[in-house]
Number of protein chains: 2
Amino acid sequence: MTAPGRLTLPIETGLDDQLVGLLERLGADAVRNSDGTELPAIVGELAAKVYATYFVGRGDQEWADAHPSELTRSYLMSERTPALADGDLEIPLMAGWYALQVTPDLGCDVDRWWQVIDRTTGETLPPGTWRVSGEGADTVVTVTGAVAGHVYTVDFLAVQTWDPTQMYNYITNDWADDPSRIRESPFDVRHPATWEHVRSSLDGWLGDHPEVDVVRFTTFFYHFTLVFGPDAKERFVDWFGYSASVSVEAMEQFEEHLGYALTAEDFVDEGYYNSSFRVPTRAFRDWIDFQHRFVTDRVRQLVDAVHASGKEAMMFLGDNWIGTEPYGTLFASTGIDAVVGSVGSGATCRMISDIPGVRYTEGRLLPYFFPDVFHPGGDPVTEANASWLQARRAIVRSPLDRIGYGGYLSLALEHPDFVDRMEQIADEFRAIHDRGEGRRPASAPFRVAILNAWGRLRSWQTHMVAHALWYRQAYSYLGVLEALAGLPFEVDFLSFDDIRDGVPDGVGVLINAGALGTSFSGGSAWGAPRVQAAVRSFVAAGGGLVGVGDPTAHIDGGVTFQLADVLGVDRELGWGLSTNRPFDTVERHFITADLGAGLDVGEGTPDIVAFTRDVEVLAAGRGTVQAAASHYGEGRGVYLAGLPYSHENARLLHRALYWAAGRDSAFGEWIADDPRVEVAHYPESGQFVVLNNTDEHVRTTVRGGGDDWVVELDPYGHAWVETRELRR
Amino acid sequence: MTAPGRLTLPIETGLDDQLVGLLERLGADAVRNSDGTELPAIVGELAAKVYATYFVGRGDQEWADAHPSELTRSYLMSERTPALADGDLEIPLMAGWYALQVTPDLGCDVDRWWQVIDRTTGETLPPGTWRVSGEGADTVVTVTGAVAGHVYTVDFLAVQTWDPTQMYNYITNDWADDPSRIRESPFDVRHPATWEHVRSSLDGWLGDHPEVDVVRFTTFFYHFTLVFGPDAKERFVDWFGYSASVSVEAMEQFEEHLGYALTAEDFVDEGYYNSSFRVPTRAFRDWIDFQHRFVTDRVRQLVDAVHASGKEAMMFLGDNWIGTEPYGTLFASTGIDAVVGSVGSGATCRMISDIPGVRYTEGRLLPYFFPDVFHPGGDPVTEANASWLQARRAIVRSPLDRIGYGGYLSLALEHPDFVDRMEQIADEFRAIHDRGEGRRPASAPFRVAILNAWGRLRSWQTHMVAHALWYRQAYSYLGVLEALAGLPFEVDFLSFDDIRDGVPDGVGVLINAGALGTSFSGGSAWGAPRVQAAVRSFVAAGGGLVGVGDPTAHIDGGVTFQLADVLGVDRELGWGLSTNRPFDTVERHFITADLGAGLDVGEGTPDIVAFTRDVEVLAAGRGTVQAAASHYGEGRGVYLAGLPYSHENARLLHRALYWAAGRDSAFGEWIADDPRVEVAHYPESGQFVVLNNTDEHVRTTVRGGGDDWVVELDPYGHAWVETRELRR
Ligand SMILES: [Mg+2]
Ligand SMILES: [Mg+2]
Ligand SMILES: [Mg+2]
């Protein structure tokens, strides 16, 4: 029997007679309200901790309306507007944006803070060659002396008049018909008056809510970039975006501290807005760091107040998280007790559970109790099973301390089969946590490092676009992260700066995965001789390099993949078609030994050619290499054209990493014959857990410590096995 | 009844009793020998012109052996060799090449003419930091002070000790077993002694061969680049390659004339050897021009000698054609009477038939009478039909003056069904030529121009790699050329220089087709504001731009396609995934009106997104745009993700060009309802010809001049129809 607890349930009014029984049945030891629900009065009587959501930067429209100059700002770009004739060119700034959400900031010094660019020449137009007229939705910039056939844009500072998340809820739920609802504007704590107001409002709220044990910040000051088009539909969404964290004041303080001035284009970035797929500029990295310092300092003051009131502070890693980067250097200094976040997959689970410097982490499991799934005829159990299977293997590798759910409990209660399943999942989560003692199981005798432009800052956050959405251009890379989330490896995230003077000790294999020119493969970073030399020397000395997609890609000096010599393959972009590069595919290889059917490379990567004489091609299709293995000095290189997540691909990556590290002879310990089954080994307690990652009954053999065990597992099941080699 | 003639047959010894009858039956008025066959003694008695092949730059091994310093040279690159440790790095130059074909030229000043490059830094190592040792296959360059983790290459001048075509024949035909065969080395007429020898040899040969009417040069001085690997198999083949046209003397003369010195790297080009897919450098264009001047001057002297002997000079557009570029500015100055070339497709037919400045052109039809096709059980008729259907539509558009065949006649005679078909094809060719009077039929009221980095010099030669081979990376673009070869348009080939100051008058539509970064899409040429502005202004004023693949692609300033605003689409490379760009596909459009099933874009182009608000998406697949149409000022832009050749795609291009030119309302004249049938209209003679491009019986309606005709055509058939609007 495991002890109850470790479970947070959303509650709401109107369920008072069921709550006590339900909490007891599920073993829930915490309750929370959701956006749009109130905690019931009964909450104080429940044997549970109480979480309450708290908004810092919006929800006080009186304050917002009274301080329009302290509303949050954003940098936006006009549409690209071609001049069809010489002379005056009018650029309507708001043609691509939603005028109720954002409006040009005409109160700032536009000559200083806006930027008009001839995108055909790349030149910024000097002040005096353009003028602003109109206002709001009708704001126009007129370029005088535009050149026929050139394209112009205006980077402009905009006032955010409507918080994007509140706007989304407002539109989705038809709140326009509800007179009690108003449009909420976000305000910016960069302004001392607003900060003092936010600070004192929290004190008041804390005093007014003795029943609350945990203040669940949702979240802090700056929303990720989310801007709507003129049709009020999402036009640009970047969960990592800092465009909405700007203000004249912040930029002036930046210049004071960093010693150089920012431009509008530093944020607009040709219209890519520094998406996390862009190789980050120095200015953008400095801005992240600058805001991280500011935000974590202010957060610390809020957390201090929470603690002073005897409560805990929890951060929801969600909407307004900009500046709090949980893998940032100062995050732990905030004193935040816990982080909660949605765990829809193994990688998102690890993004939460690996956060250092907090007392506990909580994963909000899917599905949300929302009507899209919880409607008559809906099938929340199937969704819950799929998500749980993905999360469980990550939870075993890096334990979450708690799980929870979100949404409207009343909806969930209409699906008794789901409540049954929720009870099982909670029990299973607690059982695993208890028996594993909340510790990590054993992992490989070498570390694996993901090498990209972001490094540690974006741990477990690579290749993600909008939250939980599937992107054709991303899933083949996300599979690498997803596989690693449940594999027995300690995973580091290294930036190019981290390896410039040599790959850190303990790292056995570097992974470089991503599309050409992106921050994730590294783009121009590979143009640096020191970076190339560091990785070549690492491999030559016995290390491994596993490349996925366009690894080390930077078109220069005769190759696309700068380390084509290590990987054994290169990508043909059309210039080398005259070179004949035939290859044979090897029949069998250690890396592909557990593949049943052919290798699934997802979107794959086109036109991969054999580059070295000795490369072994492990898989190919339509004349292009899909997987390859090479020896290089004392080390090894592995190439994969893509790796969407699947049980077989996770096993393939497991093998590829051992092979690349030169540890293939040590492979096979604490592993199941069937790649659909994963094993976590706890040598200190002399046991291992076996996870059936499928919805089928599975029987397989687990080998380890010179022994083997046949295990039978129910669909979705897990089992613990004691070994003879108990070490304590 | 059409007159006989216009047909050249290969003949050989041993068929004397059949030749007269066969020539009469087929209407052949010329005979030729093939490589490896002799003209029979009877040749003087045949009522036919006699062609004889003549080799200029090889075949006199006595001369070659006596003048080793005058053998042809080539620039080659060693393999990319990484330094795994600091210190000495040995680079064996010949590791990637075939030592019997090429050998390092140790007789030249290697410090001046070789180049050792650190490919990791891009820097050329100064003389004194590397040394050469060994010779021949064992030649090694030792880099002293190599840096661990850097990759080094050696660009070296090599002696061509074996002519690649003769080598290919030698190896393929096991001539090593034939003591009468020797390995032939090519010699370079850049050297005065060799030139005088070549010149006087021709005089001797002309005097010795009174029976010859036409000297068929196969070809002149410099072979295209064709280098073999250590396994004696093709390693690098570029039909457009100038790597084997170099010599110290030529480079010194170049410097004298052009005022700047060339480097080895100007030829090695990072190992891409200036493939025609590379955006050509100034040095490479200058070199082509420099060699064109030299070669055409020397060719003129040979042609003068041929003419002085009362014979004609014919050039085979084949192996040793480097420097003779038939669309080069000086080609006509050679005085060459005729060009003959292989016509395997419509585009290769136009490459021959459009050559200006010669008295006549001859197309060598497929298949060759070679054992690969002409063996017991072989099916030469099917090959002949496929090739004839492709060539015929081009021949109608731009008449060849003659056709012919190649190979061993004795092999063809063993396939009587093929001889029957050859007779029909010859008759059909003559019938079309006679009735069309060898003139071009009417074409659209606007010109179409293919815009790329090569322009006119490479007319009908875009996107071709090795001769007649299918390349996955090329066929989707070659389809554009192949479609145009038989469509009723006058086609120009323009370079970016040609349009920098405005698109020439008469051009209605520009086509820009090709992969990202290649000479054919244009690469960095699109970075020039004047180029962009010229095309935008052209379209804005009513012109059309049809883009295929990665048109106007040059990654800069926020877009991949620099003219995304004109095309209405852009290519997403991963940085813009956060931008939501949904699109609908229109139900019907003028451009796609004749498509039966879906659009076939061949390899297509990935990740094409809707870029402008008003773009009409005509076809899409997996979330990526495949075809789109846009209005832009007074003009129009059309995007196609690929266009492999098919009857339907040719019709689609026909429509797209009319639509882009704003002439869609004029479309439908002298065209068949069935896209498998094409029409050529001769208004001066009041008739049109209808071509059935299929192997099926077809019945369709042809519309034109306010009238319509139902035509029925046999498989492969054509028919002439007289109209009422005879104009003369
Ligand atoms: Mg530019
Ligand atoms: Mg470089
Ligand atoms: Mg011929």
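**Exercise 1. Two helices of chain A**

Is the crossing of α5(A) and α8(A) left-handed or right-handed? Describe the packing of this pair as well.

*Solution.* The model is predicted, so every value here is computed from it.

Step 1. Locate the helices. α5 spans residues 192–208 of chain A, and α8 spans residues 282–308 of chain A.

Step 2. Take the geometry. The pair packs at an angle of about 20°, and the axes are 10 Å apart.

Step 3. Classify the angle. Angles under 35 degrees count as roughly parallel. α5(A) is therefore roughly parallel to α8(A).

Step 4. Assign the hand. The crossing of α5(A) and α8(A) is right-handed.

Step 5. List the contact. α5(A) contributes W195(A), V198(A), R199(A), L202(A), D203(A) and L206(A). α8(A) contributes R298(A), Q301(A), L302(A), A305(A) and V306(A).

Step 6. Sort by class. The contact of α5(A) with α8(A) has seven nonpolar residues, one polar and three charged.

**Exercise 2. A second helix pair**

At what angle do α10(A) and α13(A) pack, and which residues make the contact?

*Solution.*

Step 1. Two numbers describe such a pair: the angle between the axes and the distance between the axes.

Step 2. α10 (residues 380–397) and α13 (residues 475–486) of chain A pack at about 55°, with axes 6 Å apart.

Step 3. α10(A) and α13(A) are therefore oblique to each other.

Step 4. From α10(A) come Q390(A), R393(A), A394(A) and R397(A). From α13(A) come E482(A), A483(A), A485(A) and G486(A).

Step 5. By class, the contact of α10(A) with α13(A) has three nonpolar, two polar and three charged residues.

**Exercise 3. The barrel of chain B**

In what order do the eight strands of the chain B barrel run, and which helices pack on them?

*Solution.*

Step 1. Trace the strands. The order is β1-β2-β3-β13-β16-β17-β18-β19 in chain B. The eight strands close into a barrel, with parallel pairing.

Step 2. Add the turn between strands. Neighbouring strands of this sheet are turned by 25° against each other on average, direction ignored.

Step 3. Zoom in on one pair. β1 (residues 7–10) and β2 (residues 30–32) of chain B run parallel and are joined by three bridges. T8(B) stands opposite A30(B) in β2(B).

Step 4. Place one helix. α9 (residues 346–353) of chain B packs on the sheet and touches β17 (338–343) and β18 (360–365) of chain B. The direction of α9 makes about 175° with that of β17(B).

Step 5. Place another. α12 (residues 416–435) of chain B lies across β1, β18 and β19 (402–404) of chain B. This helix runs at about 170° to β19(B).

**Exercise 4. The three-stranded sheet of chain B**

Which are the edge strands of the sheet β6-β11-β10 in chain B?

*Solution.*

Step 1. Read the order. Three strands form an open sheet, β6-β11-β10 in chain B, with antiparallel pairing.

Step 2. Look for strands that pair on one side only. These are β6 (87–92) and β10 (130–133) of chain B.

Step 3. Neighbouring strands of this sheet are turned by 25° against each other on average, direction ignored.

Step 4. Check one pairing. β6(B) and β11 (residues 140–146) of chain B pair in the antiparallel sense over five bridges. P92(B) stands opposite V140(B) in β11(B).

**Exercise 5. Backbone exceptions**

Where do the cis peptide bonds L366(A) to P367(A) and T218(B) to T219(B) lie, and what is phi of E437(A)?

*Solution.*

Step 1. Recall the background. Most peptide bonds are trans, and most residues other than glycine have a negative phi.

Step 2. In chain A, the bond from L366(A) to P367(A) is cis, with omega near 0°. P367(A) is in the loop between β18 (360–365) and α10 of chain A.

Step 3. In chain B, a cis bond joins T218(B) and T219(B), with omega about -15°. T219(B) is in the loop between β13 (214–217) and β14 (225–228) of chain B.

Step 4. Phi of E437(A) is near 60°, a positive value in a residue other than glycine. E437(A) lies in the loop between α12 (416–435) and β20 (447–451) of chain A.

**Exercise 6. Annotated spans of chain A**

What are the helix and strand contents of residues 5–442, 447–664 and 670–720 of chain A?

*Solution.*

Step 1. An unreviewed UniProt entry annotates residues 5–442 of chain A as "domain: Lacto-N-biose phosphorylase-like N-terminal TIM barrel". This span is 32% helix and 20% strand, and its end C-alpha atoms are 26 Å apart.

Step 2. For residues 447–664 of chain A, the unreviewed UniProt entry lists "domain: Lacto-N-biose phosphorylase central". Here the chain is 21% helix and 26% strand, with end C-alpha atoms 15 Å apart.

Step 3. For residues 670–720 of chain A, the unreviewed UniProt entry lists "domain: Lacto-N-biose phosphorylase C-terminal". The span is 0% helix and 61% strand, and the end C-alpha atoms lie 13 Å apart.

Notes
Residues are numbered from 1 along each chain as its sequence is written. Chains are lettered from A and ligands numbered from 1 in the order in which they are written. This is a predicted model: local features need pLDDT of at least 70, side-chain atom pairs count only at pLDDT 80 or more; totals for chains, interfaces and linings use all residues. Side-chain values use heavy atoms; hydrogens and water are left out. Axes are lines fitted to C-alpha atoms, for helices over the stretch in contact, and angles run from 0 to 180 degrees between N-to-C directions. Helices (H or I, at least four residues) and strands (E, at least two) are DSSP runs, numbered from the N terminus. Angles under 35 degrees count as roughly parallel, over 145 as roughly antiparallel, 65 to 115 as roughly perpendicular and the rest as oblique. A crossing is left-handed if the near helix is turned anticlockwise from the far one by less than a right angle, and right-handed if clockwise. Contact means heavy atoms within 4.5 Å. Ala, Val, Leu, Ile, Met, Phe, Trp, Tyr, Cys and Pro count as nonpolar, Asp, Glu, Lys and Arg as charged, and the others, Gly among them, as polar. Two strands pair if DSSP finds at least two bridges between them. UniProt positions are given in the numbering used here, feature names are shortened, and annotations may be inferred rather than shown by experiment.
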